[in-house]
Amino acid sequence: MKFRLEPEVRPVVTSALALSGAVGVFALAFGVLAVGAGANVWQACALSFFTFTGASQMSAMTVIGTGGSVGGALGGALLLAGRNGVYGLALSPYFNESLGKRLLAAHFVIDETTAMMTAQTNPRLQKIAFWTTAIALFSLWNLGTLLGAVLGSAIDPHTFGLDVGFTAAYVAMLFPHLKTVNGRFAAAGGALISVVLAPFVPIGLPILASGLAIFVGLRPTDSSATAEAVQ
Amino acid sequence: MNMSWALVIWLSAGAYVFKMLGFVVVGSRKLPDVLSRCLMLIPAALLAALVFNSSFTSGQSYAIDERAIGLGVAIIAAWRKLPLIVVVILGAATTAFLRAL
């Protein structure tokens with residue numbers, strides 16, 4: 001079999017596959033953690049297939065795992081999903097296809113596809129970057145979740161420290177956001193709100209309320225911080 | 001446990017609506033700078049909240065236990081730029097070890 005990519009396409013495809021591989025391992029962790037928090041294998045898989053945005057999926061499972069209500073879990077998770085709306089704004093100028101194709105593409109508008117697409121400069125490579133990342137990442141995210149959920153069903157979550165596994169994943173995801181001053185303020189504000197409110201409101205609500213910390217973005221600062229965060 | 005299919009369905013529907021809102025409905029119209037600046041701070045605020053809330057509370061009361069040490073190890077690992085899966089394993093393993101003592 002002879003299958004060769006053009007020289008300019010190859011690095012795009014290679015980095016999309018490398019990124020997807022890493023995300024697949026993360027999905028494995030999500031699968032294990034989700035069943036640890038009380039989901040069954042099918043629910044974990046359905047979240048990865050239909051919700052398909054990692055941080056929201058994990059946030060919902062954390063709130064449920066600590067005894068929060070469905071409403072509490074939804075609030076924080078949807079707030080996190082809100083940023084994909086901002087990514088969509090950044091990407092939509094590149095997509096001039098039919099409505100049907102745009103509705104399909106919308107499902108794949110997440111952190112990674114946005115980063116990969118906006119890293120390219122010519123329209124053809126942008127499209128290749130978006131779709132290769134979307135397809136590879138979606139496949140491995142779902143495969144990883146299934147394997148993790150099956151594996152996770154076999155062990156006791158508390159004994160293996162899986163609750164802290166979730167926390168550790170958030171820590172790793174948080175670090176890139178601390179590069180900007182606003183990011184650090186928002187993180188400090190969010191942390192403070194979530195801890196201070198904990199004794200007074202139902203479980204899950206402190207996470208949702210921490211969203212108020214985003215108003216530190218009202219500070220008149222360099223607008224380059226936004227562009228940086230999108231890329 | 002309160003895990004239910006309702007959560008799966010509502011979260012999936014809501015997440016898709018957000019993805020589609022920016023991408024299809026608003027399209028290339030531009031949001032005010034200050035609004036997108038605030039929206040991009042959501043992950044920083046919520047991820048930090050999840051970290052601290054789940055490490056130092058138990059139900060509606062405060063608690064300092066093995067989780068705090070696991071968190072400390074995870075922070076050092078993430079700060080040293082170790083891969084995500086290594087950060088997860090170190091955090092979980094530290095806590096598991098302390099719980100087994």
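Select chain B of this predicted model and colour the contacts by sequence separation: of those with a separation of 6 or more, 27% join residues 24 or more positions apart. Keep that figure for later, when chain A is selected.

**Chain B: elements and extent**

Switch to a cartoon of chain B. The view should show 5 helices and 2 strands, and tracing the chain along its sequence gives the order α-α-α-β-β-α-α. The radius of gyration is 19 Å, well over the 13 Å that the globule rule gives for 101 residues, so chain B is more spread out than a compact globule. Align the view to the principal axes, and the C-alpha trace of chain B spans about 55 × 35 × 25 Å. Colour by burial next: 47% of the 101 residues of chain B count as buried.

Now select residues 1–30 of chain B, which form domain 1, and then residues 31–100, which form domain 2. Over C-alpha atoms, the centres of domain 1 and domain 2 of chain B are 25 Å apart.

**Where chain B touches chain A**

Show both chains and select the residues in contact. Chain B contributes 69 residues to this contact and chain A contributes 92. On the chain B side, the elements giving two or more residues are α1 (5–26), α2 (33–39), α3 (42–56), α4 (66–79) and α5 (84–100) of chain B. Which of these gives the most to the side that touches chain A? Select α1(B): its share is 18 residues, the most of any element on that side. Colouring the chain B side by residue class gives 46 nonpolar, 18 polar and 5 charged residues.

**Chain A: elements and extent**

Hide chain B. The cartoon of chain A has 11 helices and 0 strands, so a walk from the N terminus passes α-α-α-α-α-α-α-α-α-α-α. For chain A the radius of gyration is 19 Å, close to the 17 Å that the globule rule gives for 231 residues, and the chain is therefore as compact as a globular protein of that length. Along the principal axes, the C-alpha atoms of chain A fill a box of roughly 60 × 50 × 30 Å. Burial colouring marks 55% of the 231 residues of chain A as buried. Return to the contact colouring used at the start: in chain A, residues 24 or more positions apart account for 72% of the contacts with a separation of 6 or more.

**The two domains of chain A**

Select residues 10–162 of chain A for domain 1 and 180–231 for domain 2. Their centres, taken over C-alpha atoms, are separated by 22 Å. The contact takes 17 residues from domain 1 of chain A and 9 residues from domain 2 of chain A. On the domain 1 side, α3, α4 (70–91) and α6 (111–118) of chain A each give two or more residues. Zoom in on α4(A), which gives the most to that side, with 7 residues. The residues on the domain 1 side divide into 7 nonpolar, 10 polar and no charged.

**A helix pair in chain A**

Finish with helix α3 (residues 54–65) and helix α8 (residues 162–174), both of chain A, which pack at an angle of about 145° with their axes 11 Å apart. The crossing of α3(A) and α8(A) is left-handed. Show side chains for Ala55(A), Met58(A), Thr62(A) and Gly65(A) in α3(A), which meet Asp163(A), Phe166(A), Ala169(A) and Met173(A) in α8(A). By class, the residues of this contact are 5 nonpolar, 2 polar and 1 charged.

Note on methods
Residues are numbered from 1 along each chain as its sequence is written. Chains are lettered from A and ligands numbered from 1 in the order in which they are written. This is a predicted model: local features need pLDDT of at least 70, side-chain atom pairs count only at pLDDT 80 or more; totals for chains, interfaces and linings use all residues. Helices (H or I, at least four residues) and strands (E, at least two) are DSSP runs, numbered from the N terminus. The radius of gyration is taken over C-alpha atoms; the globule rule is 2.2 Å times the number of residues to the power 0.38. A residue is buried if 20 or more other C-beta atoms lie within 10 Å of its own, exposed if 12 or fewer, and partly exposed in between; C-beta atoms are placed from the backbone. Two residues are in contact if their C-beta atoms, placed from the backbone, lie within 7 Å. Axes are lines fitted to C-alpha atoms, for helices over the stretch in contact, and angles run from 0 to 180 degrees between N-to-C directions. A crossing is left-handed if the near helix is turned anticlockwise from the far one by less than a right angle, and right-handed if clockwise. Ala, Val, Leu, Ile, Met, Phe, Trp, Tyr, Cys and Pro count as nonpolar, Asp, Glu, Lys and Arg as charged, and the others, Gly among them, as polar. Domain bounds come from an automatic or database domain assignment.
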